[in-house]
Amino acid sequence: MTTAGADADGVYASGIIPEVVETGGECTLTAVGAGGSLTASRAAEAATASTNCGLLRIAASSGDWSLTLTYTSSTSHGSTAEVPVSVP
């Protein structure tokens, strides 16, 4: 995860998968908190020496949330460590 945070609109994160250059993968942001478990997904984009998830955003209520970014394709799979954020 290269960016993770929260604002009045909810939570967000972005990420890069280094040394994996492919199309057809999917990035999923999962937010777990008092409001339950929320997800957002988008297609990943191949770059010169990596695959990029871009920015994913989830509308989330005020409170503490734990974010995880997951990348899945036909040949690769991985998840980040949880990152805590707080929505004001």
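How many helices and how many strands does the protein chain have? I looked this up before anything else, keeping in mind that the model is predicted. The protein chain has zero helices and nine strands. Read from the N terminus, I noted the order of elements as β-β-β-β-β-β-β-β-β.

**Entry: overall dimensions**

I next examined the extent of the chain. The C-alpha trace spans about 35 × 20 × 20 Å along its principal axes. For the radius of gyration I recorded 13 Å; a compact globule of 88 residues would have a value near 12 Å, so the protein chain agrees with that expectation.

**Entry: surface and burial**

I took the accessible surface of the protein chain, which comes to about 4,700 Å². Carbon and sulfur atoms account for 52% of that surface. Of the 88 residues, I found 38% to be buried.

**Entry: contact range**

I then considered contacts in the protein chain between residues at least 6 apart in sequence. Of these, 59% join residues at least 24 apart.

**Entry: strand S6 and its partners**

I followed strand S6, residues 50–58, to see which strands pair with S6. Strand S2, residues 10–18, pairs with S6 in the antiparallel sense, and I counted eight bridges between them. As one position in this pairing, I noted alanine 13, whose bridge partner in S6 is leucine 56.

Strand S5, residues 45–46, also pairs with S6 in the antiparallel sense, here over two bridges. Within S5 and S6 I recorded alanine 46 and threonine 51 as bridge partners. I also traced the connection between these two strands: a hairpin of three residues joins S5 to S6.

**Entry: proline 18**

Where does proline 18 lie? I located this residue in strand S2, the strand that pairs with S6 over eight bridges.

Is proline 18 buried or exposed? I found a relative accessible area of 58%; the cut-off for exposed is over 50%, and proline 18 is therefore exposed.

Which residues does proline 18 touch, not counting residues up to four places away in sequence? I listed Ala49 and Ser50. Finally, I checked the separation of proline 18 from glutamate 45. The two residues are 27 residues apart in sequence, and their C-alpha atoms are 12 Å apart in space.

Notes:
Residues are numbered from 1 along each chain as its sequence is written. This is a predicted model: local features need pLDDT of at least 70, side-chain atom pairs count only at pLDDT 80 or more; totals for chains, interfaces and linings use all residues. Side-chain values use heavy atoms; hydrogens and water are left out. Two strands pair if DSSP finds at least two bridges between them. Helices (H or I, at least four residues) and strands (E, at least two) are DSSP runs, numbered from the N terminus. Buried means under 20% relative accessible area, exposed over 50%, partly exposed in between (1.4 Å probe, protein chains only). Contact means heavy atoms within 4.5 Å. The radius of gyration is taken over C-alpha atoms; the globule rule is 2.2 Å times the number of residues to the power 0.38. Accessible areas come from the Shrake-Rupley method with a 1.4 Å probe; for residues, only the protein chains shown count as cover.
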